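Hello,

Here is the structure I promised to hand over. Please open it alongside this email, and then read on for what turned up in it.

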Amino acid sequence: METTDLLTVSEVAARSGFAPSALRYYERERLVEASRTAGGQRRYQRSVLRRLAFIRAASNVGLSLEEVRTELAGLPSGRTPTKSDWHRISAHWRTRLDEQVAALEALRDKLDSCIGCGCLSLKQCGISNPADKAAATDDAPGAAYLPPLLRRPTH
Ligand code: FES
């Protein structure tokens with residue numbers, strides 16, 4: 001491979017929209033790979049841009065890092081998603097987005113009774129404690145108060 005085929009951190013950051021710190025994080029999490037120059041600087045193959053686009057799309061859909069990792073690991077040899085991979089995976093995400101929309105709509109409907117109230121009561125507020133989930137999840141952090149599809153795992 002020609003050296004010019006490789007991209008620097010700043011080039012990848014500029015093209016992908018991810019901050020260099022995010023690129024380092026994804027590398028530590030083994031979602032992307034980078035080689036090193038003799039001086040220890042990171043170099044990326046161009047295909048990393050498609051992989052990062054996939055990560056961003058998955059994140060926008062609401063997938064956790066672990067779910068992104070699982071999707072990428074499901075590709076042969078951990079390669080970058082192709083157009084047909086994307087077609088298959090995104091069809092699966094459609095269902096997930098529909099469920100998230102329904103959960104958000106339910107949350108919005110509960111918000112109507114909160115507007116002008118302000119109590120944030122853990123007993124009666126449908127936003128701060130829908131269906132009294134707090135009572136059943138005493139070991140869970142605040143995310144337990146959201147519908148399951150709108151929760152993000154804590155790291
Ligand atoms: S803030 Fe009072 S019911 Fe939600």
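Let me start with the aromatic side chains. A search of the whole structure, which is a predicted model, finds five aromatic pairs. One of them joins Phe54 and Trp93: their ring centres are 5.5 Å apart and the planes meet at 45°, which makes the pair tilted. Phe54 belongs to helix 3 (residues 48–61) and Trp93 to helix 5, so this pair ties together parts that lie 39 residues apart in sequence. Both Phe54 and Trp93 are buried.

Trp93 also pairs with Trp86, this time edge-to-face, with 5.4 Å from centre to centre and 85° between the planes. Are these two tryptophans buried or exposed? Trp93 has a relative accessibility of 2%, so it counts as buried. Trp86, with a relative accessible area of 33%, is partly exposed.

Another group of rings is worth a look. Phe18, Tyr25 and Tyr26 make up one aromatic cluster. Phe18 has a charged companion too: the charged end of Arg56 sits over its ring, 4.0 Å from the ring centre.

Now for the overall layout. The protein chain contains six helices and three strands. Reading from the N terminus, the elements follow the order β-α-α-β-β-α-α-α-α. The chain has 155 residues, and 33% of them count as buried. About 10100 Å² of the protein chain is exposed, with carbon and sulfur atoms supplying 53% of that area. Among the contacts with a separation of 6 or more, 52% come from residues 24 or more positions apart.

Next, the sheet. In what order do the three strands lie? The order is 1-3-2, in an open sheet with antiparallel pairing. Strand 1 (6–7) and strand 2 stand at the edges with a single partner strand each, so one side of each has no neighbour in the sheet. Strands of a sheet pair through backbone hydrogen bonds, in either a parallel or an antiparallel way. Strand 2 and strand 3 (residues 42–45) pair in the antiparallel sense, over two bridges. If you would like a place to zoom in, Ser35 has Arg43 in strand 3 as its bridge partner.

Finally, two spots in the backbone. Most residues other than glycine have a negative phi. Arg30 is not a glycine, yet it has a positive phi of about 60°. You will find Arg30 in the loop between helix 2 (20–28) and strand 2 (35–36). Its relative accessibility is 73%, so Arg30 counts as exposed.

Where is the other residue of this kind, Leu120? Leu120 lies in the loop between helix 5 (83–114) and helix 6 (133–136). Leu120 has a positive phi of about 50°, although it is not a glycine either. With a relative accessible area of 58%, Leu120 is exposed.

If you only have a moment, I would begin with Trp93, which forms aromatic pairs with Phe54 and with Trp86. After that, the ring of Phe18 with the charged end of Arg56 over it makes a good second stop.

Happy exploring, and best wishes

Key
Residues numbered from 1 in each chain as written. Predicted model: local features only at pLDDT ≥ 70, side-chain atom pairs only at ≥ 80, totals over all residues. Heavy atoms only, no water. Helix = DSSP H or I, 4+ residues; strand = E, 2+ residues; numbered from the N terminus. Buried < 20%, exposed > 50% of the residue type's maximum accessible area, 1.4 Å probe, protein only. Contact = heavy atoms within 4.5 Å. Areas by Shrake-Rupley, 256 points an atom, 1.4 Å probe, with all protein chains shown as cover. Phe/Tyr/Trp six-rings, centres within 6.5 Å; stacked < 30°, edge-to-face > 60°. Lys NZ or Arg CZ within 6 Å of the ring centre and 35° of its normal. Pairing = 2+ DSSP bridges.
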